[in-house]
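Visitor: Please take me on a close look at the interior of this model. Start from its cysteines and work outward to the spaces around the core.

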Amino acid sequence: MDINLFDYELPKELIAQHPSKERDKCRLMLINKDTHEVEDKLFSDIIDYLKPGDVVVRNNTKVNPYRLFGVKKDTGAHVEVLLLKDLGNDTFEAICGNAKVIKIGTEIIFKEGVLSANCLERKEEGIRILKFTYKGIFLEILNEIGLTPLPPYIEQNLDEESKNKEDYQTVYAKINGSSAAPTAGFHFTNELLEKIKEKGVEILDVTLSIGLGTFKPVKENDILNHKMHSESYIIGEETASKLNKAKKEGRNIIAIGTTVVRTLESNYSKYNEFKAEEADTAIFIYPGYEFKAIDSLVTNFHLPKSTLVMLVSALMGRDFTISCYNRAVENKYHFFSYGDAMFIYTKTK
């Protein structure tokens, strides 16, 4: 399956550099995946297309200040590190900007006498396993010296770092552990969520700690050769029970973001039902995939040739997906993390 099937032309000026001043006032492309009707709305209008009994599922992961700058202890060479996955016991999977200089045994100083790391293992694609040593509380130290790991297409202004930590986070972020945000959730305000609940829509949370699996670029010409990195997810007992009840009753299950899709589809595919568990997923969803867990999706406009465009294409068809993306370009929607949204829904339920 040729990667170029998932390409589209995007003018650079349509890549959003800042979030909407009001989260729920960004634009929303409303897409009926069955009839191929497309409408242009504001995100706050989404409530008009939710019905009592619908189930909205969010990823309540919280982005940590996982971007760190340090120096090699022996040479003083500068090192940039992005923490990807907490492996426990103060050990992290991380990707290093100049990984060739980070060998087994290399010590990196991030703040003298406060935070350092030792390289335990070298892996492919610039990934290293780092063991941290610190004085104090680890997360407090990260909040002091770490930066929000914004995507490379967003220009990071260090003078606005405190604002980045607030903007690059959903209002319902709760569980620490991600190096990127579930950006489809950016458009929800607490007020909008309350209105959705008042309408009789059920809101449930899962957690997927976002790492390289979500944003790793596809470098293979044949996408079937792409290998996804695993990410950890948690589904609680109450959430699994309520999802099973909704599925049994034929109610609409709406995923807020591709990370929720990957969590629910991974879980349901294993058990043919939702089951509470803490597990890893490396699921890769592309056209031909048969969705078992979710019915509808709220998502942003994603990078060309990305696994996320492939996932959306699996849900509503490759040709229709690319036509919607081209329509968004023509109508000057804003793209990527801080950009506008689409709601892919069905009227069959």
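Guide: A residue counts as buried under 20% relative accessible area, as exposed over 50%, and as partly exposed in between. The model is a predicted one.

Take the cysteines. Cys26 has a relative accessible area of 5%, so it is buried. Cys324 is buried too, at 1%. Are they bonded or apart? The closest cysteine sulfur to that of Cys26 belongs to Cys324, and it sits 16 Å away, too far for a bond. Seen from Cys324, the closest cysteine sulfur is that of Cys26, again at 16 Å. A disulfide needs the two sulfur atoms within 2.5 Å. The count of disulfides is therefore zero.

Now the core. The largest nonpolar core holds 65 residues. Leu264, Ile294, Phe335 and Met342 have the most contacts inside it. Helix 7 gives this core its largest share, seven residues. A separate core has 24 residues, including Ala99, Ala117, Leu142 and Leu212. In soluble globular proteins, nonpolar side chains tend to be buried together.

Met342 deserves a closer look. Neighbours within four places in sequence are set aside here. Beyond them, Met342 is in contact with Leu28, Met29 and Ile31, among others. Its contacts also include the run Leu297, Val298, Thr299, Asn300 and Phe301. Val312, Met316 and Tyr325 are on the list as well.

Two of those contacts, Val312 and Met316, are among the buried residues of helix 7. How much of helix 7 is buried? The helix is mostly covered, with 10 of its 10 residues buried. The buried residues begin with Thr307, Leu308, Val309, Met310 and Leu311. They go on through Val312, Ser313, Ala314, Leu315 and Met316. What do they pack against? Their partners are strand 1 (27–32), helix 4, helix 6, strand 16, helix 8 (318–330) and strand 17 (341–345). Just after helix 7 comes Gly317, which takes a positive phi of about 95 degrees.

Helix 7 also borders empty space. The structure has two cavities of 30 Å³ or more. The second largest cavity has about 50 Å³ of space. Its lining is Gly213, Thr214, Met228, Arg262, Ile283, Phe284, Ile285, Thr307, Leu308 and Leu311. Helix 4 and helix 7 are the elements that each give two or more residues to this lining. The largest share, three residues, comes from helix 7. By class, the lining has six nonpolar residues, three polar and one charged.

The largest cavity has a volume of about 60 Å³. Which residues line it? They are Leu84, Lys85, Glu93, Ser209, Ile210, Gly211, Leu212, His229, Ser230, Glu231 and Ser232. Leu212 is also one of the residues of the 24-residue core. Strand 6 and strand 13 (231–235) each supply at least two residues of the cavity lining. That lining divides into three nonpolar, five polar and three charged residues.

Next, the open spaces. The largest pocket has a volume of about 1200 Å³. Its lining counts 46 residues. Pro151, Pro152, Tyr153, Phe215 and Lys216 lie nearest its centre. Several elements each supply at least two lining residues: strand 6 (78–88), strand 7 (91–96), helix 4 (212–215), helix 6 (258–271), strand 16 (296–300) and helix 7 (307–316). So helix 7, which DSSP defines as a run numbered from the N terminus, contributes to this pocket as well as to the second largest cavity. The pocket lining has 26 nonpolar, 14 polar and six charged residues.

The second largest pocket has a volume of about 260 Å³. It is lined by 16 residues, and Pro19, Ser20, Arg23, Asp167 and Phe186 are the closest to its centre. The classes here are five nonpolar, six polar and five charged.

One exposed residue rounds off the tour. Gly97 sits in the loop between strand 7 and strand 8 (107–111). Its relative accessibility is 65%, so it counts as exposed. Arg27 is 70 residues away from Gly97 along the chain, and 35 Å separates their C-alpha atoms.

Definitions and conventions: Residues numbered from 1 in each chain as written. Predicted model: local features only at pLDDT ≥ 70, side-chain atom pairs only at ≥ 80, totals over all residues. Heavy atoms only, no water. 1 Å grid on protein atoms, 1.4 Å probe; cavity = no way out; pocket = protein on both sides within 12 Å on 5 of 7 lines; lining within 4 Å. Points joined across faces, edges and corners; volume = space filled by probe spheres on them. Helix = DSSP H or I, 4+ residues; strand = E, 2+ residues; numbered from the N terminus. Nonpolar A, V, L, I, M, F, W, Y, C, P; charged D, E, K, R; others polar. Core = buried A, V, L, I, M, F, W, Y, C linked by side-chain atoms within 4.5 Å. Buried < 20%, exposed > 50% of the residue type's maximum accessible area, 1.4 Å probe, protein only. Contact = heavy atoms within 4.5 Å.
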